[in-house]
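I opened this notebook to keep track of what I looked up, one entry at a time. The sequence and the structure come first, and my entries follow.

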Amino acid sequence: MAKKLNISRINELKTNAYDNIESYDDPDTPKALEQFTCQIKKVLQADPKMLESVPEYLPVALYGRVKFPSDAKLKWAHWINTATQPEWDEFKVTIGFNNADLPLVLAVRAYSEDLLIESCAVLYLLENQGKSTPAPKRSADDDFEDEDSDYADYSDDDDDDGEEEDGYYDQYDDEDR
């Protein structure tokens with residue numbers, strides 16, 4: 001039987017991680033977040049048990065450094081929507097870790113595989129800005145539901161006074177005059 005993801009815990013981790021990221025992501029000190037994550041990676045790799053008290057530090061440490069292939073995003077959306085924790089064999093093929101982060105990932109996995117998976121769920125949610133599923137694709141029938149909403153009506157009636165658009169030159173216009 002598949003394990004359940006604790007979505008309320010993941011949302012709490014996401015909020016806490018985002019608050020940390022936001023506090024270090026300062027235009028006045030552009031390297032602050034990078035320096036913090038570099039330091040926290042070293043600390044967590046040396047002592048993954050620290051994650052018991054600050055589990056949000058793992059998503060902060062890996063923020064922006066984990067890739068979710070496009071075909072895997074649908075799986076992640078499904079897992080989050082159904083609160084299903086993926087098995088390790090499913091999980092490992094839906095995520096791409098930066099080579100430099102592998103020692104940290106391996107240390108955390110040895111400490112708690114579940115925490116690593118939860119942290120990656122947090123990263124997925126952060127990357128998708130709180131969305132848990134991709135936007136549904138519109139069918140061809142939906143394209144014309146509200147014809148006037150998607151474009152402005154541009155007609156040539158406005159050019160009756162003979163004026164040309166600024167910055168537009170067409171050699172064939174001279175022949176017409």
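**Entry 1: a helix crossing**

I began with helices H1 and H7, whose crossing is right-handed. I note here that the model is a predicted one. For the geometry I looked up the two axes, and those of H1 (residues 7–24) and H7 (residues 113–127) come within 9 Å of each other while crossing at roughly 65°.

I then listed which residues make this contact: H1 brings Arg 9, Ile 10, Asn 11, Leu 13, Lys 14, Ala 17, Tyr 18 and Ile 21, and H7 brings Leu 115, Glu 118, Ala 121, Val 122, Leu 125 and Leu 126. Sorted by character, the residues of the contact of H1 with H7 are ten nonpolar, one polar and three charged.

**Entry 2: a salt bridge between H1 and H7**

Two residues of that contact, Arg 9 and Glu 118, also have side chains that meet in a salt bridge, at 2.8 Å from N to O. Since Arg 9 lies in helix H1 and Glu 118 in helix H7, the pair ties together parts that are 109 residues apart in sequence.

Is each partner buried or exposed, or somewhere in between? I found Arg 9 at 32% relative accessibility, so that residue counts as partly exposed. Glu 118, by contrast, has a relative accessible area of 11%, and because buried means under 20%, I put Glu 118 down as buried.

**Entry 3: the other salt bridges**

I next asked how many salt bridges the structure holds. The count is eight, and I followed up some of them.

Lys 73 forms a salt bridge with Glu 127, with the closest N and O atoms 3.1 Å apart. This pair, too, links distant parts of the chain, as Lys 73 is in helix H4 and Glu 127 in helix H7, 54 residues apart. Lys 73 is partly exposed, with a relative accessible area of 25%, and Glu 127 counts as partly exposed as well, at 37%.

For the salt bridge between Arg 109 and Glu 113, I noted a separation of 2.9 Å between the closest N and O atoms. Here Arg 109 is partly exposed with a relative accessible area of 32%, and Glu 113 is partly exposed with 28%.

I also found a network of salt bridges, in which Lys 41, Arg 65 and Asp 101 are linked.

**Entry 4: the nonpolar core**

Turning to the interior, I looked up the largest nonpolar core, which has 40 residues, and those with the most contacts inside it are Leu 62, Trp 76, Phe 91, Ile 95, Phe 97 and Leu 116. At least two residues of this core are supplied by each of H1, helix H2 (32–46), helix H3 (57–62), helix H4 (70–81), helix H5 (88–91), helix H6 (102–111) and H7.

Which helix gives the largest share of this core? I found that H7 does, with ten residues.

I then picked out Phe 91 for a closer look: leaving aside residues up to four places away in sequence, Phe 91 touches Trp 76, Trp 79, Pro 86, Phe 97, Leu 116, Ile 117 and Cys 120.

**Entry 5: a loop residue**

Last, I checked Ala 83, which is found in the loop between H4 and H5. This residue has a positive phi of about 55° although it is not a glycine. At 17% relative accessibility, Ala 83 counts as buried, and with that I closed the entry.

Note on methods:
Residues are numbered from 1 along each chain as its sequence is written. This is a predicted model: local features need pLDDT of at least 70, side-chain atom pairs count only at pLDDT 80 or more; totals for chains, interfaces and linings use all residues. Side-chain values use heavy atoms; hydrogens and water are left out. Axes are lines fitted to C-alpha atoms, for helices over the stretch in contact, and angles run from 0 to 180 degrees between N-to-C directions. Helices (H or I, at least four residues) and strands (E, at least two) are DSSP runs, numbered from the N terminus. A crossing is left-handed if the near helix is turned anticlockwise from the far one by less than a right angle, and right-handed if clockwise. Contact means heavy atoms within 4.5 Å. Ala, Val, Leu, Ile, Met, Phe, Trp, Tyr, Cys and Pro count as nonpolar, Asp, Glu, Lys and Arg as charged, and the others, Gly among them, as polar. A nonpolar core is a set of buried Ala, Val, Leu, Ile, Met, Phe, Trp, Tyr and Cys residues joined through side-chain atoms within 4.5 Å. Buried means under 20% relative accessible area, exposed over 50%, partly exposed in between (1.4 Å probe, protein chains only). A salt bridge is a side-chain nitrogen of Lys or Arg within 4 Å of a carboxyl oxygen of Asp or Glu.
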